[in-house]
Amino acid sequence: MAHESITSVQNPLIKRLHQLLEKKGREAQGRFLVEGAHLVEEALKSEAEVLTVLYDSERDMDAGCRQALNNHPHSVQVIAASAAVLTKLSETKSPQGIVAEVKKKQVNWDDWMAEKAAGQEGMLLLLLDEIQDPGNLGTILRTAEAAGVDGVVLGKGSVDLYNGKVMRSTMGALFRLPVFTRSLPEVADEWQAQGGQLLVSTLHEQSISYDAVPYAQKAAIVIGNEGRGVSDAMVERADYLVHIPIYGRAESLNAAVAAGVFVYEAQRKRKDRLI
């Protein structure tokens, strides 16, 4: 495998890739960066279209990445880069020696919903209402993928899905989990019109405990903004208002922790009914 070599941060390719560290650049190019051996390997092993891999010319490429690169179905530009170049493309204090440029995957929401509805009786969705902390979003996606959630919908006003911290926090889950950015009220209306149940996480006085809800086989759980909670528009559409009891002195749970509690309880209830 022939590798190109780049040592200057002034190289036109490096300047273009550097733009992907910002949301504006990612949106303009339809691409994003992943950093570190684990994420690069996960990207290469998934259905993602990896366009470029840059690794530290003074280190040997990670063995897992090298094997995944050899098995990747698409042609990938491989570049041996200087430490200065990789630092230019890194958001972390200690660059991990490998970076990949990945093309954003466009999945049509309507087609995906139609395919899922035709292929299975049940479905579990997670709807995120203006989640703004990158670490929270990444952890929620990682948890959702682990719990077998079918898909996640990001409401408008949420942090950019391809933010570097989000990507690192997902630990590669983003490459396996369908994630859409859409208007949550529109998604909720469509979901309920198709017989789906909508559960909204809120501390509203009329809410009931998360473990008292009969989670339907077709259920969507709404998690709200870290500070403001769920919007009134989603509260008004809820089939159930639900909360997680607080037994200590904390006012509330972290959004990512709450999401984990809800999705695992939903899966437990739904699986118990099938036994």
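Biologist: The backbone oxygen of P214 lies 3.2 Å from a polar atom of the side chain of Q197; what makes this pair a polar contact?

Modeller: In this predicted model, the distance between the two atoms is 3.2 Å, and a polar contact requires N or O atoms within 3.5 Å, so the pair at 3.2 Å satisfies the distance cut-off.

Biologist: Why is Q197 called buried?

Modeller: Its relative accessible area is 10%, and buried means under 20%, so Q197 falls on the buried side of that limit. Q197 lies in strand β9, and, leaving aside residues up to four places away in sequence, it touches W191, P214, Y215, A216, K218, A219, A220, D239 and Y240.

Biologist: Strand β9 (residues 197-201) is paired with β11; how do you know that they pair?

Modeller: Pairing asks for at least two bridges, and β9 and β11 have 4 bridges, in the parallel sense, so the requirement is met. One of the bridge partners is I221 in β11, which is matched with L199. Strand β6 (residues 123-128) also pairs with β11 in the parallel sense, over 6 bridges, and there the partner of L124 is A219.

Biologist: Why is strand β11 (residues 218-223) said to be largely enclosed by the rest of the structure?

Modeller: The conclusion rests on 6 of the 6 residues of β11 being buried. From this strand K218, A220 and V222 point one way, while A219, I221 and I223 point the other way, and all are buried.

Biologist: Which residues have the most contacts inside the largest nonpolar core?

Modeller: They are L126 and I221, in a core of 57 residues, whose largest share, 7 residues, comes from helix α11 (residues 255-274). Not counting residues up to four places away in sequence, L126 touches I140, A144, V149, G151, V152, V153, I221, I223, A259 and V263. Apart from this core lies another, of 19 residues, including W109, F180, V222 and L241. In soluble globular proteins, nonpolar side chains tend to be buried together.

Biologist: Which residues lie nearest the centre of the largest pocket?

Modeller: Those are K105, L161, Y162, V179 and F180, among the 30 residues that line the pocket, whose volume is about 760 Å³. At least two lining residues come from each of α2 (23-29), β5 (98-103) and β8 (179-181), and β8 gives the most, with 3 residues.

Conventions
Residues numbered from 1 in each chain as written. Predicted model: local features only at pLDDT ≥ 70, side-chain atom pairs only at ≥ 80, totals over all residues. Heavy atoms only, no water. Core = buried A, V, L, I, M, F, W, Y, C linked by side-chain atoms within 4.5 Å. Buried < 20%, exposed > 50% of the residue type's maximum accessible area, 1.4 Å probe, protein only. Contact = heavy atoms within 4.5 Å. Polar contact = N/O pair within 3.5 Å; in protein donor to acceptor, adjacent residues only side chain to side chain. 1 Å grid on protein atoms, 1.4 Å probe; cavity = no way out; pocket = protein on both sides within 12 Å on 5 of 7 lines; lining within 4 Å. Points joined across faces, edges and corners; volume = space filled by probe spheres on them.
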